[in-house]
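Biologist: Before I plan anything at the bench, could you take me through the fold of this protein, one question at a time?

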Amino acid sequence: MKEILVIGAGNLSWHLVQVLQKAKFDVTLVTRNTERVADWPVRVQTLSDLSSNPYFIILAVPDDVIHQASTELANYFPSKTPVVHTSGATPTVMINSHFASRGALWPIRSLRAGEPVTDWRDVPLVYHATNAALAQVLSEVTAKLSDLTYPLDDTQRAKLHLSAVFSNNFVTWLYEISHQLCTESNIPFEILLPIIRNTALKQNGASPSFSQTGAAARGDQATMNRHLHLLARHPEYAHLYQFMSSTIQAGLA
């Protein structure tokens, strides 16, 4: 059985070790803090305890420590060992050049430890490698995990990551603003859940502007003025409202 080492003990690692094991890979989680992951369903070792020659290594660590972590790995593994990170925004060249085969494997999903993914076959996986051999390995591995796999280079992956910030992270904070406004008026936020789900499910790959609705889209200035009046206590939200409205109108012009 081919062994994959997963370095790190964060949210993504919790998911990766389990989905890789379900795909019949031999997985070892490598972390300094073994007590933190004592209840994780995977073999756990420290870096100094390793003596294996892994199929490849996954650096599931924060973006700003990818280079540092890979530099430490260079003291333990030969240059032929493939190493991939899990960042959407970081180029593969940030992995220490000691390693001849470098790459990236990025799941496009917000993942939290303890919150299982219902079906990994529906999770898009983006991968990239600095050589054809590792690209083939990542193609085969991702195909065992998901039906949605995409080979994208560093530039494409970074632009996709930026796009995901707008469509996921920023949208989540817009939900939070809605939640605050509802709470202020003793309105159950749950009332909005059906329209939130409906809007998300409308997306079919075509330009989302085709389904854009609302006061800004129809040029209803009177309604927008009333909305701004209601936001008098929240000037930062009023500014955001005006900016978003003007962006929608300019985009639909």
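Biologist: In what order do the eight strands of the open sheet lie, and which are the edge strands?

Modeller: In this predicted model, the eight strands form an open sheet with mixed pairing, in the order β3-β2-β1-β4-β5-β6-β7-β8. From one strand to the next the twist averages 25°. An edge strand pairs on one side only, and that applies to β3 (43–45) and β8 (149–151).

Biologist: In which sense do β4 and β5 pair, and which residue in β5 stands opposite Ile-58?

Modeller: Strands of a sheet can pair either parallel or antiparallel, through backbone hydrogen bonds. Strand β4 (residues 56–59) and strand β5 (residues 83–85) pair over three bridges in the parallel sense. Opposite Ile-58 stands Val-84.

Biologist: Why are the buried residues of α2 on the same side of the helix, and what covers them?

Modeller: Helix α2 (residues 66–73) lies across β1 (3–7), β4 and β5, and runs at about 150° to β4. Its buried residues are Ile-66, Ala-69, Ser-70 and Leu-73, and because they cover an arc of only 95° around the axis, they are on the same side of α2. What covers them includes β1, β4 and β5.

Biologist: Which element supplies the largest share of the largest nonpolar core?

Modeller: That core has 33 residues, and those with the most contacts inside it are Val-6, Leu-20, Trp-40, Phe-56 and Ile-58. At least two of its residues come from each of β1, α1 (11–22), β2 (26–30), β4, β7 (125–129) and α3 (132–145). The largest share, six residues, comes from α1.

Biologist: How many residues of β7 are buried, and which are on each side?

Modeller: Both faces of the strand are covered, with Leu-125, Tyr-127 and Ala-129 buried on one side and Val-126 and His-128 buried on the other. Strand β7 is therefore largely enclosed by the rest of the structure, the buried count being five of the five residues.

Biologist: Which residues are the bridge partners of Val-126 in β6 and β8, and what is the handedness of the crossover from β7 to β8?

Modeller: Strand β6 (residues 102–107) pairs with β7 in the antiparallel sense over five bridges, and there Val-126 is the bridge partner of Trp-106. Strands β7 and β8 run parallel and are joined by three bridges, with Tyr-150 in β8 as the bridge partner of Val-126. The chain passes from β7 through α3 to β8, and this β-α-β crossover is right-handed.

Note on methods: Residues are numbered from 1 along each chain as its sequence is written. This is a predicted model: local features need pLDDT of at least 70, side-chain atom pairs count only at pLDDT 80 or more; totals for chains, interfaces and linings use all residues. Side-chain values use heavy atoms; hydrogens and water are left out. Two strands pair if DSSP finds at least two bridges between them. Helices (H or I, at least four residues) and strands (E, at least two) are DSSP runs, numbered from the N terminus. Axes are lines fitted to C-alpha atoms, for helices over the stretch in contact, and angles run from 0 to 180 degrees between N-to-C directions. Contact means heavy atoms within 4.5 Å. A nonpolar core is a set of buried Ala, Val, Leu, Ile, Met, Phe, Trp, Tyr and Cys residues joined through side-chain atoms within 4.5 Å. Buried means under 20% relative accessible area, exposed over 50%, partly exposed in between (1.4 Å probe, protein chains only). The arc is that of the directions from the helix axis to the C-beta atoms. A crossover is right-handed if, with the strands pointing away from the viewer, the path from the first strand over the helix to the second runs clockwise.
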